[in-house]
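Colleague: I am new to this structure and would be grateful for a close look at one part of it. Please begin with the terms that are needed and then describe how that part relates to its surroundings.

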Amino acid sequence: MNQRLRTRTGTVPRTRPRARTYVRALIAVLAVSGVAAATGCSSKPPMADGKPGPDGKFVIGYSQSNNAEPYRAQVNKQLEYYVKKYPNLKLLPISDANANSAQQISQVQNFIKKKVDVLLISPNEPDPLTGAVQRACQAHIPVVVLDRDVKTNCYTSFIGGDNYKIGKLAGERAAKELPHGGNVAELRGILSDKPQIDRHNGFMAGIKKNRKIKVVRQREAKWLRPNATQIMQQWLRNGTKIDLVYGHNDDMAIGAQLAAKGMHKDKSIKFIGTDGLAIDGGGIRAVQQGDLLETFAYPTGAKEAARTVEDIVRKKKVKKHQALDTQPVTKGNAEEVYKKNDFSHKGG
Amino acid sequence: MTDTKTPAPSGDTPLPDLAADDENAGLRARVRRVLPVLGSMQGYIGLVVVVLLGIVTQGDTFLTQANFTDAIGAFASRGILAVGVTLVILTAGIDLSVGSVMGMASMASAMMIFQNDMPVWQIVPLCMLIGAAFGLINGIGTAWLKIQSFVMTLAMLSIARGLDKQLSNNQATPTQLRKGADLTPHAEQFQHLGTPGFNVFEGLHGGIYFPVLAFFGVVIVFHLLLSRTTFGRHVYAVGGNPTAARLSGINVTFVIIAVFTLSGLLAGFAGPIDAAYSASADPLAGTSYELDAIAAAVIGGASLAGGRGSIIGTGIGALILTLLDNVLGLNDVSPNWQLVIKGVIVVFAVVLQRPDLMRSLRRRLRGGSAGPSGSAGSNGPGGSAGSAGSSGSSGPASGGAKEAASA
């Protein structure tokens, strides 16, 4: 939203002061990269200085890429919950970049200026945020990267799920569901998104287990439920025979299911989603109601992140790369998984 | 007053002085008489082209009632927004906040059903009130505080989205409230607002899909409002020339506040429809819908300079956009090309809708140099060209803006 806002107002011609700012920014960037090269920072991430603030607490700044994604809202909620379990940690208000990398860079810089003890970040995009992570690293702030990666080694720990593996599990589940072969359709997230690419490649690898399965339709539905509904309606009106739909997230799988249900074709088509959020109207509930065949809970990593931060301030060794496992959600275990991941009644 | 201020659908061709002193005069006069008719037909031509494209490529599927229901239903909320935006555009303003306000109303409706189990007959009017309140503030800011409507509604876009996200705690809210395994009666009712497969008036041949009914209903009601009432004439007058309108005794402030309030009201009405369509309200619902709404208005012949346009035209613009989407989707055209084609169509539509431009084109094609006798009325080429540029770029922006990745 804000991105658009900027381009719209950016058409106002204000060339001269702008140009001067650009030159200054360029000089600053050159200077910083010169320092970076001189200190050779990028290989050795710093440890915490081990001194808590005046209230005896270590301060954490968390830079979130986009609060409006249900998954990320869940991450925030869980992180607030888990950080409270450590009395020596204090989480500053989580910053929301509204899916805007430029905004996230400035928010990270604010955390650096505030001299947080540990920086947590879920980068909006890898390339633009790499520099921000490096600057935190140069300021001797340990960085924990959550969910999406950056293109530098200058962080202390990365925690994230394995989207390729999730896609592969979904593909294998589809292959198992259609033992005699069948037609599969895939609803894809935004094509340039890394999780989309990984889930897609994983899925294609997974369904190879059953050579009789054909992928008859694939289209980008941009992670959005109404888009998926519209696309599914077009496929079905077209006379495309579809036995199973894989949605790269639960919203798209549910959107397709709504379309099929509207045409009374939902009983002959199976739907597989991904994310498995424990929220009303989320994937786990959809599995319980029989709308989805199965979903794969994508871990938030909040619990691991809080523990990693605690280890960092206690100067314990932390693993550089922590890959989180997914949990398949079926009708059998749905209630149990929901209860385990439900944070709506736990204090934030 | 020139006749650009009369509520003729996209027609503004003041008959120029008939310099009839050569043998072609009779023919030219006839051409001039036909031109206004052609001008008002050009919106329909775009629709005909899209429909033909659908028939040629996907005849059996495209020409079914079910497919039209799908296509119009998917765009209905944006089509309703477009009607509201057209009202504002006619007064030479713009309403960028409609998408956010709709999102707000969509979230409010989902919360009313899911958390309070309220009946539909309460939810819809309440949402319209919420929307109207946002619109009223837009109107007051524009008419009284003299903030440019672009700026005022841009701010409101941000405010409404922020409130929406705050209200929902950034979480999507479902509409399917269950008691045990079954939906509650009110949640069952709510589905009839737009969940695919649920109709209203089911006694009549299986019923009508509500979003389709709502879209056409809003178009007809607001067409009548603009073409048959004093208020409608005032709207055109304010857009055509606010000073002249004021001098002729029209309460310009009231008209401007009223059009913004109506635009908000319609955005509020679109909210529950949008929530029912997905059986859920997303905190980002309606993002960039304002651009589709403006595109529909512009394709339908509205000039961003004000005073020119019609609700029927906007309705046709919305139909062109959604049927084009549908035809391209049925043919499995990649979404990237869909964006490009949408942008190109907007530019072409705007060119087609400008009789002055068409005339000079024709003159140039004929090789004649008759001089600038038949230029359009109050809308200079500058204003219209501006509208073409901004709406052309709205195509690509509208699709790519919502970067709601799930993980």
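Modeller: Helices, of at least four residues, and strands, of at least two, are DSSP runs numbered from the N terminus. The model is a predicted one. In these terms, A:N249 lies in the loop between β9 (244–247) and α9 (250–262) of chain A. Its relative accessibility is 3%, so A:N249 counts as buried, the limit for that class being under 20%. Although 23 residues separate A:N249 from A:I272 in sequence, their C-alpha atoms are 8.7 Å apart in space.

The part I would examine most closely is helix α5 of chain B, residues 149–168. At 1.5 Å a residue, its 20 residues should span 28 Å, and the end C-alpha atoms are indeed 28 Å apart. Buried residues of α5(B) include B:S149, B:M152, B:L157, B:R161 and B:K165. Just after the helix, B:N169 takes a positive phi of about 60 degrees.

B:K165 connects this helix to the other chain: it forms a salt bridge with A:D96, with the closest N and O atoms 3.8 Å apart. A:D96 belongs to strand β3 (residues 95–96) of chain A, whereas B:K165 lies in α5 of chain B, so the pair joins two chains. B:K165 counts as buried at 10% relative accessibility, and A:D96 is also buried, at 17%. Over all chains, a search of the whole structure finds 21 salt bridges.

Key
Residues are numbered from 1 along each chain as its sequence is written. Chains are lettered from A and ligands numbered from 1 in the order in which they are written. This is a predicted model: local features need pLDDT of at least 70, side-chain atom pairs count only at pLDDT 80 or more; totals for chains, interfaces and linings use all residues. Side-chain values use heavy atoms; hydrogens and water are left out. The expected span of a helix is 1.5 Å times one less than its number of residues. Buried means under 20% relative accessible area, exposed over 50%, partly exposed in between (1.4 Å probe, protein chains only). A salt bridge is a side-chain nitrogen of Lys or Arg within 4 Å of a carboxyl oxygen of Asp or Glu.
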